[in-house]
Amino acid sequence: MRLHEIANTPGAVKSRKRVGRGDSSGMGKTACRGEKGQKSRTGTTIRPFFEGGQIPLFRRLPKRGFNSPDHKVFELVNLSVLEANYNAGETVDEASLRAKSLLGKKAMPLKVLANGDITKALTVKAAKFSAAAKAKIEAAGGSCIEG
C-alpha cells in the first residue's frame, strides 16, 4: 500500500453546505438563517451567557461572603489511614502515600489530621499537622517533621 493508493472511507468526507445560492438549492433566500433578528445578520456574535438584554443570571443571584485569594488548600490524611496502611518504624511522606494510592492526583501540600487513633511509632513528614494529631503521634512514640 502506498500513500497515493489510500482512499477515504465512504461517507467520511462531505461537501460543504453552500448557502445563499438560489431558491432551488433549498438553502437560498435567507441562507438557512431564518428571518430577521440579530442572529440573521452577518458579522454578529453574541457573548456567552447573554440573555437578550434581560438582567443576566449572575447579576440576579445574591452575592455573599468572601473568597480569599491567599487561601491554602491541603491534601488531608487522617491518623486512622496511617494506622491501617503503615507498620511501626516506617516513614510516612507524600511519596510513600502516593505509592500506596492514598492521595489524589493533584499536587497539594500535605496536612495530617487527628481522626482515629495511632499505636505505632511512625516518622511523619508533612507540611502541617493539627495540634491533636501531633500530640497523638508523639504519644505513640513517633515523630513529626514539618516542612
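Q: What makes the contact between Arg-60 and Glu-51 a salt bridge?
A: In this predicted model, the closest N and O atoms of Arg-60 and Glu-51 are 3.1 Å apart. The rule asks for a side-chain nitrogen of Lys or Arg within 4 Å of a carboxyl oxygen of Asp or Glu, so the pair qualifies as a salt bridge.

Q: Why is Arg-60 called partly exposed?
A: Its relative accessibility is 42%. Buried means under 20% and exposed means over 50%, so Arg-60 falls in between and counts as partly exposed. Its partner Glu-51, at 30%, is partly exposed too.

Q: How do you know that Glu-94 and Arg-98 meet in a salt bridge?
A: The N to O distance between their side chains is 3.0 Å. With the limit set at within 4 Å, the pair counts as a salt bridge.

Q: Where do Glu-94 and Arg-98 lie?
A: Both belong to helix α3 (residues 94-99). They are 4 residues apart, about one turn of the helix. Glu-94 is partly exposed at 29%, and Arg-98, at 29%, is partly exposed as well.

Q: What makes Glu-146 and Lys-134 a salt bridge, and why does the pair tie parts together?
A: Their side chains meet at 3.5 Å, N to O, and that is within 4 Å, so the rule is met. Glu-146 sits in strand β6 (residues 143-146) and Lys-134 in helix α4 (residues 131-139), so the pair links parts that are 12 residues apart in sequence. Glu-146 is partly exposed at 48%, and Lys-134 is partly exposed at 30%. By this rule the count comes to 5 salt bridges.

Q: How do you know that β1 and β3 pair?
A: Strand β1 (residues 75-78) and β3 share 4 bridges in the parallel sense. Pairing needs at least two bridges, so these strands pair. Among the bridge partners, Leu-76 is matched with Lys-111 in β3.

Q: What makes β3 and β5 a pair?
A: The two strands run parallel and are joined by 2 bridges. As at least two are required, they pair. Here Val-112 has Phe-129 in β5 as its bridge partner.

Q: Why are β1 and β5 called edge strands?
A: The open sheet of 3 strands has the order β1-β3-β5, with parallel pairing. β1 and β5 each pair on one side only, and they are the edge strands.

Q: Which side chains of β3 are buried?
A: Leu-110 and Val-112 point to one face and are buried; Lys-111 and Leu-113 point to the other face and are not.

Conventions. Residues are numbered from 1 along each chain as its sequence is written. This is a predicted model: local features need pLDDT of at least 70, side-chain atom pairs count only at pLDDT 80 or more; totals for chains, interfaces and linings use all residues. Side-chain values use heavy atoms; hydrogens and water are left out. Buried means under 20% relative accessible area, exposed over 50%, partly exposed in between (1.4 Å probe, protein chains only).
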